[in-house]
Amino acid sequence: MYFFIVFFLDNLLERAKLEYQNGNFAKTQEICIDLLKQKPANLNVLLFIANSFFERKDYDTCIDYLKIAKTTNTKHTQHKIGRASCRE
C-alpha cells in the first residue's frame, strides 16, 4: 500500500512539472495543492506552486509559499524570496 501512495504522489508531481512546462500555471497550482494536502512540507511542491504564482504575477501568494518553503530549507529558498520581492 505504501508503494502505491508514493507512486501516486510521484506521478502527481510529474504532472505538475509537465503542466508548469506547458505554461498551465493554474493547473500546476491545483495539483500542488492536492500534493500539499498529503505532504505539507514537500520542498519541491512548495517551489513549484510558488513559481506558478510568480509566473501569474501573484507575488504576494508566491512569497507566502516561499516563506513556508523557507522553514523547510532556508538556503535554497532565500534567493527566490528576494526575486519575488522585486515586483515589476
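These are my notebook entries on a predicted model of one protein chain.

**Entry 1: overall make-up**

I started with the secondary structure and counted five helices and zero strands in the protein chain. Read from the N terminus, the order of elements is α-α-α-α-α. I then looked up burial: of the 88 residues in the protein chain, 38% are buried. For contacts with a separation of 6 or more, I noted that 44% join residues 24 or more positions apart.

**Entry 2: helix α2 against helix α3**

I took α2, residues 25-38, and α3, residues 43-55, as the first pair. Their axes lie 9 Å apart and the packing angle is about 150°. I logged α2 as roughly antiparallel to α3, because an angle over 145 degrees counts as such. The crossing of α2 past α3 is left-handed. From α2, the residues in the contact are F25, T28, Q29, C32, I33, L35 and L36. From α3, they are V45, L46, F48, I49, S52, F53 and E55. I sorted the residues of this contact by type and got ten nonpolar, three polar and one charged.

**Entry 3: Q29**

Is Q29, a residue of α2, buried or exposed? I found a relative accessible area of 6%, so Q29 is buried, the limit being under 20%. What does Q29 touch, leaving out residues up to four places away in sequence? The list I obtained is I49, S52, F53 and R56. Of these partners, I49, S52 and F53 also appear on the α3 side of the α2 contact.

**Entry 4: helix α3 against helix α4**

The second pair I looked up was α3 with α4, the latter covering residues 59-72. Their axes come within 8 Å and cross at roughly 165°. By the cut-off of 145 degrees I entered α3 as roughly antiparallel to α4. This crossing, too, I recorded as left-handed. On the α3 side, the contact is made by L43, L46, L47, I49, A50, F53 and F54. On the α4 side, I listed Y59, T61, C62, Y65, L66, I68, A69 and T72. By type, the residues of this contact come to 13 nonpolar, two polar and no charged.

Going back to Entry 2, I saw that L46, I49 and F53 of α3 are named in the contact with α2, and L46, I49 and F53 are named again in the contact with α4.

**Entry 5: cysteines**

How many disulfides does the structure hold? I found zero. I also checked the accessibility of two cysteines. C32 has 0% relative accessibility and therefore counts as buried. C62, at 2%, counts as buried as well. C32 belongs to the contact of α2 with α3, and C62 to that of α3 with α4.

**Entry 6: K57**

Where does K57 sit? I placed K57 in the loop between α3 and α4. K57 has a positive phi of about 65°, although K57 is not a glycine. Its relative accessible area is 54%, so I marked K57 as exposed, which requires over 50%.

**Entry 7: D60**

The last residue I looked up was D60, found in helix α4. With a relative accessible area of 47%, D60 is partly exposed. I also took the C-alpha to C-alpha distance between D60 and A50, which is 9.7 Å. In sequence, D60 and A50 are ten residues apart. A50 is one of the α3 residues in the contact with α4.

Key
Residues are numbered from 1 along each chain as its sequence is written. This is a predicted model: local features need pLDDT of at least 70, side-chain atom pairs count only at pLDDT 80 or more; totals for chains, interfaces and linings use all residues. Side-chain values use heavy atoms; hydrogens and water are left out. A disulfide is a pair of cysteine sulfur atoms within 2.5 Å. Buried means under 20% relative accessible area, exposed over 50%, partly exposed in between (1.4 Å probe, protein chains only). Axes are lines fitted to C-alpha atoms, for helices over the stretch in contact, and angles run from 0 to 180 degrees between N-to-C directions. Helices (H or I, at least four residues) and strands (E, at least two) are DSSP runs, numbered from the N terminus. Angles under 35 degrees count as roughly parallel, over 145 as roughly antiparallel, 65 to 115 as roughly perpendicular and the rest as oblique. A crossing is left-handed if the near helix is turned anticlockwise from the far one by less than a right angle, and right-handed if clockwise. Contact means heavy atoms within 4.5 Å. Ala, Val, Leu, Ile, Met, Phe, Trp, Tyr, Cys and Pro count as nonpolar, Asp, Glu, Lys and Arg as charged, and the others, Gly among them, as polar.
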